[in-house]
Structure formats: C-alpha cells, structure tokens
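Here's a quick tour of one protein model and the ligand that comes with it. Have a look at the structure first, then we'll go through the contacts.

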Amino acid sequence: MRAMVIDRYGKVPMRLAEMPTPEIGDYEVLAEIHAASINPVDFKIRDGKVKLLVKYKMPLILGNDFSGVVAKVGAKVTRFKVGDEIYARPRKSKIGTFAEYIAIHEDDIALKPKNLSFEEAASIPLVGLTSYQALTDILQLQKGQKILIQAGAGGVGTFAIQLAKLMGATVATTASEAGANLVKYLGANEIINYKTEKFEEILKNYDAVFDTLGGEILEKSFEVIKSGGKIVSVSGLPNARFGKEYGSGFFKTLLFSAASHKLTALEKKHNVQYTFLFMKPSGEQLRIIANFIETGKIKPVIDKVFTFNDAQKAMEYAESGRAKGKIILKIK
Ligand SMILES: NC(=O)c1ccc[n+]([C@@H]2O[C@H](COP(=O)([O-])OP(=O)(O)OC[C@H]3O[C@@H](n4cnc5c(N)ncnc54)[C@H](OP(=O)(O)O)[C@@H]3O)[C@@H](O)[C@H]2O)c1
C-alpha cells in the first residue's frame, strides 16, 4: 500500500513509500482509509518530541486520525462488519493514517456520522476526543459556567467552542482578526484579539480554562480563574499527577514534577487545579460525538483539503500554525 513515512526523527520531509498492508489481530479491523486529518502531533512525533511518552519503530507511517470503510474484520470483532463507514483515532502504539490501510482495534472505532463526507468525518476524531475529554472528563464543565478556550480558531478550538456552547457554558476565546468571524459564528460570547489585547487583563473570575498553547500563555491563564477553578492544557508540561496516572514510572514522573514546578506553584498561589491532558482513543466517546454531529449540534470546520500526493505540503501548512479549523488529506 502507499503510505507517507519518515525514516528517522527530525525535521525531514515525509516520503511516499510502498509499505506492506497491515495484518489484523483478532480484535482489529482492516480499514481502507478515505481521508485523514493533519494534527500538530504529526510533526511533533516526526521531530521526536513525543519520544518520552511513546516510542516508535522506523520507518514510521505518520497520521493520527481518519475516516474510511471496513475492509476486513478479525475473528473476535463483534461490533463492525465489512463495508461499515467508520471514523477513528487509533491507539498511540498503532498510528499511521497517512496510508491506504490501517489495522485498528475495534474499541477505538465508531460509525462515521451519517451526514458527513469522508473528508468532513476525518476532521473530527482527534480534536473531538481531545475537546470532549478536556471539557467533560477533566473540567466537568457545568451549564452557566464561564470558560476561556485558547486559540479558538484552531482545529481543537473550533470543536471545543461548539462543545462548550452545547454544554451551556459562556465562552471567551482568543483569536486574531483573521479568526474572529469564525469563532463568532461558532458561538463564542467574548473574543479577545490576542495580537492587540491582553486576555489576562480583560477576563476575570472564570470557572475554567482550556489551554492549547502552553508556555507563558498557560501561566497567564491562571490569572483569569477564580479560586477553586480548573485549568486543562494539551500543550503545557505534564506534571507529577499526570506521570502517576499515565503510569510513567518513577524517573519520568520525577522529571515531570521538576519541569512543571512553576505550574505547581501557580496552582497553589491561585487555588486552581492544573491538569495536563494527553488524549486517549475511544470508540465510545466517538459514538457520543457522532450523535452531536448527526443532530446538527456540532459541525466540522475545514480549512483546506489536500491530495495524498501533496501530504508534505499539507504538513507544512499545518506547521505554519495559521489554519482555521482542520487540514485534510484526501486519500481515496
Ligand atoms: N496533548 C494532547 O493530547 C493534544 C491533543 C490535541 C492537540 N494538542 C496540541 O494542541 C495544540 C493546538 O492544536 P490545534 O490542532 O488546535 O492546532 P492548530 O489548528 O494548528 O492551531 C492553529 C490556530 O491557532 C491560532 N493561534 C496561534 N497562536 C495563537 C495565540 N497566541 N493565541 C490565540 N490563537 C492562536 C491560530 O490563529 P491565527 O492564525 O489567527 O493566529 C490558528 O487558527 C497543538 O500544540 C497540539 O499539538 C495536544
């Protein structure tokens, strides 16, 4: 099968390669991939930045979510049959959606929302699961609460704004002028132009922050939260709590604890709980998300669709950090 691979970590372009079509295990299906989306984690994996959390063998097929059709099922698969249209984020040990086929565990799959094209459906799994886990599992956002969602015009932000509105929250978000109309259309109640305004001086007494930017922006986010509030970040540093929950072992947990000491101090100073989220695959949560989409409560937001041969260009566009919504690879 055709696939986009890297041969070593580093800032090297992907190459189009002929790879063996994957064998499936008893609980796996072979999916024919119709479309995949590009996520920043793809170039972070390529650069070796995720090595501490997951190790991969080379050559490595990149790509972390997709939509497609079930082509074969393993002997013990019960929930899917050949011909089912599906969408998924494979588990981290078995990534590789920039390819014609993938072997994927049935627990990681859901039927694709019926009202979406394959390109639209491929835009959802990674950002949908990330937002769902951040807002429901970690923040446990309640109706009437106020949340700040950083980088509202990005892949994660465009989904998270819609989900937070669906949960009945009031949403503030940061965006440049280029993203302002989009986040307004998605339902943001307050839009901070991050190029000309300081969100930490404008927003006060928020119940929650969903941070997708990390660094100084995450640190300043503590200033907008009220005592007892919560911050979840997908781009900040993992802390000791994450290390323990993720089963990272003693030394990595110690490393996380040392690296995140500033965030731990901010947690204490503001009486706020900080959680680092490394999203998990979940077919079950994708079924819930499919229902939101089929009932028109959440819509996909696509910036641009690239052909498979242009996958490297699509990656470079994603790396520019300027996308409004999602970047898609049309594979079939
Ligand atoms: N830990 C996890 O499990 C996990 C899961 C998902 C994502 N993530 C991480 O989350 C981050 C965001 O992912 P994404 O897919 O949303 O990225 P993305 O789609 O590439 O984000 C691009 C958007 O970010 C906006 N932006 C850039 N700098 C900004 C700033 N200072 N303030 C406000 N907006 C800003 C840009 O708006 P303008 O062009 O208008 O500036 C653009 O619309 C990535 O680092 C990704 O790796 C982590």
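## Around the ligand

A polar backbone atom of Leu277 sits 2.8 Å from a nitrogen atom of the ligand. Keep in mind that this is a predicted model. On its own, the ligand would expose 940 Å², and the protein buries 87% of that.

Leu277 has company. Here are three polar contacts side by side:

| Residue | Part of the residue | Ligand atom | Distance |
|---|---|---|---|
| Leu277 | polar backbone atom | nitrogen | 2.8 Å |
| Val156 | backbone N or O atom | oxygen | 2.9 Å |
| Tyr194 | side-chain N or O atom | oxygen | 2.2 Å |

How many residues surround the ligand? The count is 24, and Tyr194 is among the closest, together with Ser176, Arg322, Ala323 and Lys324. Sorted by character, the shell has 13 nonpolar residues, eight polar ones and three charged ones. Three helices each chip in at least two shell residues: H1 (40–46), H3 (125–138) and H4 (155–166).

## A greasy spot on the surface

Now for a nonpolar patch on the surface, made up of Phe250, Phe251 and Leu254. Together these residues offer about 400 Å² of accessible area. Leu254 belongs to helix H9, which covers residues 250–259.

Is Leu254 buried, exposed or partly exposed? Its relative accessibility is 47%, so Leu254 counts as partly exposed; the cut-offs are under 20% for buried and over 50% for exposed.

Note on methods
Residues numbered from 1 in each chain as written. Predicted model: local features only at pLDDT ≥ 70, side-chain atom pairs only at ≥ 80, totals over all residues. Heavy atoms only, no water. Patch = residues over 30% accessible without salt bridge, like charges linked within 9 Å, V, L, I, M, F, W, Y side chains within 5 Å. Areas by Shrake-Rupley, 256 points an atom, 1.4 Å probe, with all protein chains shown as cover. Salt bridge = Lys/Arg side-chain N within 4 Å of Asp/Glu carboxyl O. Helix = DSSP H or I, 4+ residues; strand = E, 2+ residues; numbered from the N terminus. Buried < 20%, exposed > 50% of the residue type's maximum accessible area, 1.4 Å probe, protein only. Near = heavy atom within 4 Å. Polar contact = N/O pair within 3.5 Å; in protein donor to acceptor, adjacent residues only side chain to side chain. Nonpolar A, V, L, I, M, F, W, Y, C, P; charged D, E, K, R; others polar.
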